[in-house]
Amino acid sequence: MTSPARTRNDFAKTQLVVFYVILLLAIDSINPVKIFLHVFPNIQPWHVAFTSIVLMTYVFITEMKQMLYFSVKIFFHSILSIFFREVSIVGKQNIPHYGPVIFTGNHANQFIDSVVMFCTCQRTI
């Protein structure tokens, strides 16, 4: 399992990389695609586009599990925010960052309990 601090650091690094790439592509003088095509005039732009599509497909396939997990977490969090203004968690500091743990809900409607645990827990469940 990854620690919450490491997950936040990875997310921050990903945001910085995305920002950097957008900045590179936005400025013509430092755009790596235009520089590459200028240095190698025999390569057509569709070659670069096809290579990019293949690489993006590879990343999507290899990271699909993690992207699906966070997509579902965002979806459930948005649904919970419609029905509940505030959710307060008692004893959140007692959840271990590593190792096995058992979560149990104590309400009659345990679907809501499991969704709240899923959305508020920093661990990957």
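**Exercise 1.** Work out how the lining of the second largest pocket divides by class.

*Solution.* The lining comprises eight nonpolar, three polar and one charged residues, where Ala, Val, Leu, Ile, Met, Phe, Trp, Tyr, Cys and Pro count as nonpolar, Asp, Glu, Lys and Arg as charged, and the others, Gly among them, as polar. The model is predicted, with local features needing pLDDT of at least 70 and side-chain atom pairs pLDDT 80 or more, while totals for chains, interfaces and linings use all residues. Residues are numbered from 1 along each chain as its sequence is written, and side-chain values use heavy atoms, without hydrogens and water. Among the residues lining this pocket are Val 87, Lys 92, Phe 103, Val 116 and Cys 121 (an open set of 1 Å grid points over the protein atoms alone, where a 1.4 Å probe fits, with protein on both sides within 12 Å along at least five of seven lines; lining residues have an atom within 4 Å of a point).

**Exercise 2.** Decide whether Lys 73 is buried or exposed, and find its contacts.

*Solution.* Lys 73 sits in helix H4, which spans residues 64-83 (a DSSP run of H or I, at least four residues). Its relative accessible area is 13%, so Lys 73 is buried (under 20%, against over 50% for exposed, with a 1.4 Å probe and protein chains only). Beyond neighbours within four places in sequence, Lys 73 contacts Phe 118, Cys 119, Cys 121 and Arg 123 (heavy atoms within 4.5 Å).

**Exercise 3.** Identify the residues of the largest nonpolar core and the helix that gives the most to this core.

*Solution.* Six residues, Tyr 69, Leu 80, Val 115, Val 116, Phe 118 and Cys 119, form this core (buried Ala, Val, Leu, Ile, Met, Phe, Trp, Tyr and Cys joined through side-chain atoms within 4.5 Å). H4 and helix H5 (110-120) each supply at least two of the residues, and H5 gives the most, with four. Setting aside residues up to four places away in sequence, Cys 119 touches Lys 73, Phe 76, His 77 and Leu 80.
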